[in-house]
Amino acid sequence: MILPLVDLVGWTPVPGEDHSNLLLRGTMVSLLASFCYDDEKIKNEANLRFLAFITDANDTAYFPSDIRLSVFKIILKNGGVQEYEKIQAYYYTAVDQAEKKLVLGSLGWTNDRSLKNRTLEWTLSGEGVKTQDFFYPMGSVSGSGNEGTELSWEFFQKNLPRIQTKIGKASSSLMDACIFNCCGGFLSNEKADEIESFFKTNPLPKSGRKISQMIENIRANASLLEYLKQYDELNDPQFWKSLLS
């Protein structure tokens, strides 16, 4: 469903094109990063954009900002340490805060488990990630898939005292963001119970409302998932292909 859009929309903005095309392109590349990242044509195109970025990070004509996050994800999911470190290095050289956030929001999408853990540890390392931003890489790991969701949750449990130290006397909204990014990605009542039990043992009164809302949301999503499982056609590729006809 997604790949046919590539020829229709393309990767590069066209002068004078409708604003809806710009929005569609950003959505398309985001979906490619999630579902088609291992397609050879997609990998090759992402590599071309990434190589141009390495040569000139300011070239927004060939590599516009609205697809950078998604292209970084494609590169990270297909690459290794070298690609990871090149993207991470951009965090320290980028002047614009929005560009820095592209790095923070993408690093966790690597398929390498050790690099996911490295990303999580980086948030608390004191190596330049500002307190107001340190939860973004946690979210990138958690949002990268089932493995990342579990790793983020494990990291939060093991490092809660370090996270509290990092936040210090800053706004409690930062702890809320950490909780949401590290604990909120599950889709089962079992995990909701596990998370609820953890916070009963390790109470965070200022974040109590956020925790309750998050657990309620996990249970709601778990119920929706179980409801959808009863429809066998959703597991049939032909059903999805039929939507294109």
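Trainee: How much space lies in the largest pocket?
Mentor: About 220 Å³. A pocket is an open set of 1 Å grid points where a 1.4 Å probe fits, with protein on both sides within 12 Å along at least five of seven lines. This is a predicted model, so local features need pLDDT of at least 70 and side-chain atom pairs 80 or more, while totals for chains, interfaces and linings use all residues. Numbering runs from 1 along each chain, and side-chain values use heavy atoms, without hydrogens or water.

Trainee: Which residues line the largest pocket?
Mentor: Lining residues (an atom within 4 Å of a point) include Gln164, Ile167, Gly168 and Lys169. Ala170, Ser171, Ser172 and Met175 are also among them. So are Leu204, Pro205, Lys206 and Ser207.

Trainee: Which elements give two or more residues to that lining?
Mentor: Helix 9 (146-167) and helix 10 (172-183). Helices are DSSP H or I runs of at least four residues.

Trainee: New topic. How many disulfides turn up in the whole structure?
Mentor: Zero. The cut-off is two cysteine sulfur atoms within 2.5 Å.

Trainee: Then where is the nearest cysteine sulfur to cysteine 178?
Mentor: On cysteine 182, 6.0 Å away. Cysteine 182 is in no disulfide either. Its nearest cysteine sulfur is that of cysteine 183, at 5.7 Å.

Trainee: Is cysteine 178 buried or exposed?
Mentor: Buried, at 0% relative accessible area. Buried means under 20%. Cysteine 182 also counts as buried, at 0%.

Trainee: Switching to rings. How many aromatic pairs are there?
Mentor: A search of the whole structure gives 15. Ring centres must lie within 6.5 Å, and edge-to-face means planes over 60 degrees apart. Tryptophan 153 and phenylalanine 198 pair edge-to-face, at 5.4 Å centre to centre and 80 degrees.

Trainee: Where do those two sit in the chain?
Mentor: Tryptophan 153 is in helix 9, and phenylalanine 198 is in helix 11 (residues 189-201). They are 45 residues apart, so the pair links distant parts of the chain. Both are buried.

Trainee: What does phenylalanine 156 do with phenylalanine 198?
Mentor: They form another edge-to-face pair, 6.2 Å centre to centre with 65 degrees between the planes. Phenylalanine 156 lies in helix 9 and phenylalanine 198 in helix 11, so this pair ties together parts 42 residues apart in sequence. Phenylalanine 156 has 0% relative accessible area, and phenylalanine 198 has 11%.

Trainee: Which rings form a cluster?
Mentor: Phe50, Phe53, Phe63, Phe72 and Tyr90, linked by ring pairs.

Trainee: Last one. Is arginine 25 buried or exposed?
Mentor: Buried, at 1%. Arginine 25 is in helix 2 (residues 19-35). Beyond neighbours within four places in sequence, its contacts (heavy atoms within 4.5 Å) include Trp11, Glu17 and Ile67.

Technical notes
Buried means under 20% relative accessible area, exposed over 50%, partly exposed in between (1.4 Å probe, protein chains only). Grid points are joined across faces, edges and corners, and a volume is the space filled by probe spheres set on the points. Rings of Phe, Tyr and Trp (its six-membered ring) pair if their centres lie within 6.5 Å; planes under 30 degrees apart count as stacked, over 60 as edge-to-face and the rest as tilted.
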